[in-house]
Amino acid sequence: MDTSQGRTVRPLGAFERTIDLYMHRNPVQFSLVAELSHRVRPGAAAAALAALRVRHPLLGVAVDRTAPQAVFRAADGPIPLETAADGTPWQSVVAVEQTRPIPPAPGPLVRAVLVPGEPGSTVVLTFSHQIADGVGGLRALLDLVAALGGAEPAPGGVPEAQEDLLARSGGAAGSDGPAAGPPPENDARMDAPGELTPFSGSRPHVDALALDRDLTARLVRRCRRERASVHAALCAAATVVFHRRGREYVRVLSPLDLRRAAGLPDEVAVRFAGARTGSAADGAGDFWSLARRTRGALALQRTPDALRAGAAAIAGQPPSSRAEAEAMMASATAADIQITNLGVADPGPGAEAVTALWGPAQTTQLRGEHVLGVVTVGGRLRMTELTHDPVAGLVPEMGAVLAEACAQPVSP
């Protein structure tokens with residue numbers, strides 16, 4: 001299909017163009033998983049996907065790279081839906097999804113896999129990163145669950161590029177509290193760029209862990225008491241595990257949701273910025289001190305002024321080639337682990353049907369990467385890790401570190 005013949009939805013924004021240039025040679029897509037209590041028929045899933053496409057217009061587009069400036073064009077076909085064999089583990093589905101790049105055309109840039117089971121079913125949505133981030137993908141997944149339950153979502157408008165919204169936004173402070181002290185001194189080890197690896201189509205290693213309700217509740221309470229955040233505690237736990245494995249300096253990449261940080265609308269679109277924190281082994285002896293430092297460093301990077309400045313920098317001097325975009329992404333996202341925490345999900349309509357949520361599950365073609373998706377629903381925090389370079393026991397040991405930290409005596 002020649003996408004230049006389709007109706008123009010809108011040009012890609014500067015950040016979206018950067019992602020698209022990077023993705024010419026480095027496919028980036030992520031999956032989100034919903035486990036449901038009832039059996040879903042393929043016909044019902046197809047109808048719900050059609051309603052979802054009307055609700056979120058970017059779920060019905062392709063990218064036209066032949067235009068002078070890349071644009072989103074309306075795609076003709078429905079959101080692709082496949083049905084896996086009954087009882088196929090969702091881990092196997094998301095691993096395979098990482099081996100099958102979603103092409104920019106003919107679109108749509110999202111697809112679904114339905115896994116029937118008894119008595120329940122599993123739905124996996126996979127999104128190309130040009131049109132959505134993890135929080136937007138979760139919005140789509142929950143709207144799909146609502147549509148499967150009989151809800152009729154209202155049609156939505158085409159979302160604007162995030163730098164345009166940020167330029168007009170007064171912003172809202174993040175909810176993690178003020179930064180803990182002055183900005184930390186920059187360690188030169190933070191600046192080492194990542195190394196891209198050619199896309200091979202090989203299946204990544206997938207690991208997953210669900211904390212029980214008691215530990216999840218204790219973690220939330222202890223983070224509040226320690227003036228930390230659950231996300232900062234997750235970063236600290238990953239850092240501790242890597243230090244125990246002999247890494248002297250550990251970098252963590254945390255995608256920041258701009259909907260929350262800068263008061264942007266809750267839409268299926270690209271609405272994030274990357275923030276990185278680092279820790280040397282000799283400074284990570286006290287878990288809660290490390291978590292507080294991490295929370296403070298992230299708070300400095302998520303202020304509305306910092307987010308607007310970052311968006312303006314990309315808009316003012318965007319990469320002009322694939323090589324420039326790759327160099328920018330390899331530098332900005334280099335880390336030992338990326339932790340995308342979607343927070344507490346509210347299923348809303350159809351909540352009783354959701355028995356578990358997992359993801360985002362993703363790889364980005366950086367050598368040695370570990371990408372951890374986190375989401376909490378039904379009182380249980382769930383972690384999903386994808387990597388091509390497994391570190392034995394990383395996810396379960398993170399769970400053990402969090403349990404140990406919650407069991408520590410509280411300081412006066």
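This is a short guided tour of the model, stop by stop, with a suggestion of what to select at each one.

**Before you start**

You are looking at a predicted model, in which local features need pLDDT of at least 70, side-chain atom pairs count only at pLDDT 80 or more, and totals for chains, interfaces and linings use all residues. Residues are numbered from 1 along each chain as its sequence is written, and side-chain values use heavy atoms, with hydrogens and water left out.

Colour by pLDDT, the predictor's confidence in each residue, from 0 to 100. The protein has a mean pLDDT of 92, and 95% of its residues reach 70 or more. Now select residues 171-182: here pLDDT stays under 50, and the model has 29 contacts beyond four places in sequence for this stretch. Contact means heavy atoms within 4.5 Å.

**Stop 1: the five-stranded sheet**

Helices (H or I, at least four residues) and strands (E, at least two) are DSSP runs, numbered from the N terminus. Two strands pair if DSSP finds at least two bridges between them.

Show β5, β6, β7, β2 and β12, in that order: they make an open sheet of five strands with mixed pairing. β5 (81-83) and β12 (354-363) stand at the edges with a single partner strand each, so one side of each has no neighbour in the sheet. From one strand to the next, the twist averages 15 degrees.

**Stop 2: strand β7**

Select residues 121-128, which are β7, and residues 29-36, which are β2; the two pair in the antiparallel sense over eight bridges. Two partners to label are V33 with V124 of β7 and A34 with V123 of β7.

Next add β6 (110-116). Seven bridges join β6 to β7, again antiparallel, and the two form a hairpin with four residues between them. Here A112 has L125 of β7 as its bridge partner.

Show the side chains of β7. S121, V123, L125 and F127 point one way, while T122, V124, T126 and S128 point the other. In a regular strand the side chains alternate between the two faces of the sheet. Eight of the eight residues of β7 are buried, where buried means under 20% relative accessible area, exposed over 50%, and partly exposed in between (1.4 Å probe, protein chains only).

**Stop 3: helices across the sheet**

Axes are lines fitted to C-alpha atoms, for helices over the stretch in contact, and angles run from 0 to 180 degrees between N-to-C directions. Select residues 42-55: this is α2, lying across β5, β6 and β7 and running at about 160 degrees to β5. Then select residues 90-97, helix α3, which lies across β2, β6, β7 and β12 at about 160 degrees to β2.

**Stop 4: a hairpin**

Pick β3 (residues 61-64); V61 and V63 point one way, A62 and D64 the other, and all are buried. Four bridges join β3 to β4 (residues 71-74), and the strands run antiparallel. There are six residues between them in this hairpin. V61 has A74 of β4 as its bridge partner.

**Stop 5: helix α9**

Finish with residues 287-301, helix α9, and place a distance between its end C-alpha atoms: they are 21 Å apart, which agrees with the 21 Å that 15 residues should span at 1.5 Å a residue. The expected span is 1.5 Å times one less than the number of residues.

Eleven of the 15 residues of α9 are buried, including F287, W288, R292 and R295. What covers the buried residues includes α6 (213-225), α7 (230-244), β9 (249-257), β10 (272-280) and α12 (394-407). At the start of α9, zoom in on D286: one of its side-chain oxygens reaches to within 3.2 Å of the backbone nitrogen of W288.

Conventions:
Polar contact = N/O pair within 3.5 Å; in protein donor to acceptor, adjacent residues only side chain to side chain.
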